[in-house]
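Hello,

Here is the structure we talked about. Please open it next to this message and read the notes below as you go.

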Amino acid sequence: MPIVLYRVDDRLVHGQVVIGWGRSNDVGFFALVDDAVAASDWERELYRMGVPPEVELFFASIADAARQMDAWRRDARNGMVLTADISTMVALAEAAPPVDRVNLGGIHHKPGRTQRLPYIYLTEEEYHILESLAARGTQVTAQDLPTSPPVPLEQLR
Amino acid sequence: MSDGARGVVVAHGALAAALVLEVERISGQTGVLTAVSNNDCGREQIDQRVAEAAKDGPTVIFVDMPCGSCFFAAMRQTRERNDVRVVTGVNLPMLLDFVHHRSLPPADGAARAADKGSDAIRQA
């Protein structure tokens, strides 16, 4: 089965991900790629509480995820890869290609960011990083839920 | 406001504010509960909102669902503090009971609130 979604969402595991995307795609596992979470027993245990028992949740640093990606792609179940930020997703796409599509699901306000959609705020630098990712062949769209229309990166300019 | 544990209600959208408003309307107890919404929040923002709301001593945090960003933010408060407890599945009956039993330590208040909230869920 393929990885059905590569998602950037600073909330990582939450309702939209588990219920909105997970159920509609019959997701059997989530791969949460985050160096800080992967290094914290406490955070890993916390996020496990947010996933139904029948769904597996993997934790990995960027380096570990790059090594595991082939196995996740060969997994018989549908899977979703989650990162909290753009830089982690780009690092993953470079270390373990191909990442054919990236979904921007929730990137919220921080100093320097401007609103592009109600759930997407980007700095100019972040936008250009995404542009570069798209130029290398990855389709980048914003979409909070499967029932929402995908918004092409160009419309986030 | 008298001494006792405070309550913080953390929920999606406008739910927390509506629950707090109705508890105040029904009980007449004001200033006991603080509503926190996850609207427009990433992880850092919701963590900050909950930390700010729960900063003044013993607190029971009521959360709508036992998963997701509201729940995770509430649970992170318990990591460093032993005077904070979390109850999930918030409903009006548990909050109405809580505002009249704030003298209980947070652990006992949370257990009582969870019982009262569960008792209110029935097939009628």
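Which strands of chain A are among what covers the buried residues of α1(A)? The cover includes β1 (3–9), β2 (27–33), β4 (78–83) and β5 (101–106) of chain A. Bear in mind that this is a predicted model.

**Helix α1 of chain A**

The helix spans residues 15–24. Its buried residues are A:Q16, A:V17, A:V18, A:W21 and A:G22. Look just past the end of α1(A) as well. There A:D26 has a positive phi, about 50 degrees.

**The sheet of chain A**

Chain A has an open sheet of 7 strands with mixed pairing. The order is β3-β2-β4-β1-β5-β8-β9. At the edges stand β3 (56–60) and β9 (151–152) of chain A. Each has a single partner strand, so one side of each lacks a neighbour in the sheet.

Now go to β4(A). This strand is mostly covered, with 5 of its 6 residues buried. In the sheet order, β4(A) sits between β2 and β1. Both pairings are worth tracing:

- β1(A) and β4(A) run parallel, joined by 5 bridges. A:Y6 stands opposite A:V81, and A:V8 has A:T83 as its bridge partner.
- β2(A) and β4(A) also pair in the parallel sense, over 5 bridges. Here A:V27 is matched with A:N78.

As a reminder, strands of a sheet pair through backbone hydrogen bonds, either parallel or antiparallel.

**Where the chains meet**

The contact draws 14 residues from chain B and 11 residues from chain A. On the chain B side, α2 (43–53) and α3 (68–80) each supply at least two residues. α3(B) gives the most, with 6 residues. By type, the chain B side divides into 7 nonpolar, 4 polar and 3 charged residues.

**Helix α3 of chain B**

How many of the 13 residues of α3(B) are buried? The count is 10, so to speak of this helix as mostly covered is fair. The buried residues are B:G68, B:S69, B:C70, B:F71, B:F72, B:A73, B:A74, B:M75, B:R76 and B:Q77.

Their packing partners come from both chains. From chain A, they pack against α1 and α3 (41–48). From chain B, the partners are β1 (6–11), α2, β3 (59–63) and β4 (84–88). Note that α1(A) turns up again here. That helix has its own buried residues, A:W21 among them.

Best wishes

Notes. Residues numbered from 1 in each chain as written. Chains lettered and ligands numbered in written order. Predicted model: local features only at pLDDT ≥ 70, side-chain atom pairs only at ≥ 80, totals over all residues. Contact = placed C-beta atoms within 7 Å. Helix = DSSP H or I, 4+ residues; strand = E, 2+ residues; numbered from the N terminus. Nonpolar A, V, L, I, M, F, W, Y, C, P; charged D, E, K, R; others polar. Buried ≥ 20, exposed ≤ 12 C-beta atoms within 10 Å, placed from the backbone. Pairing = 2+ DSSP bridges.
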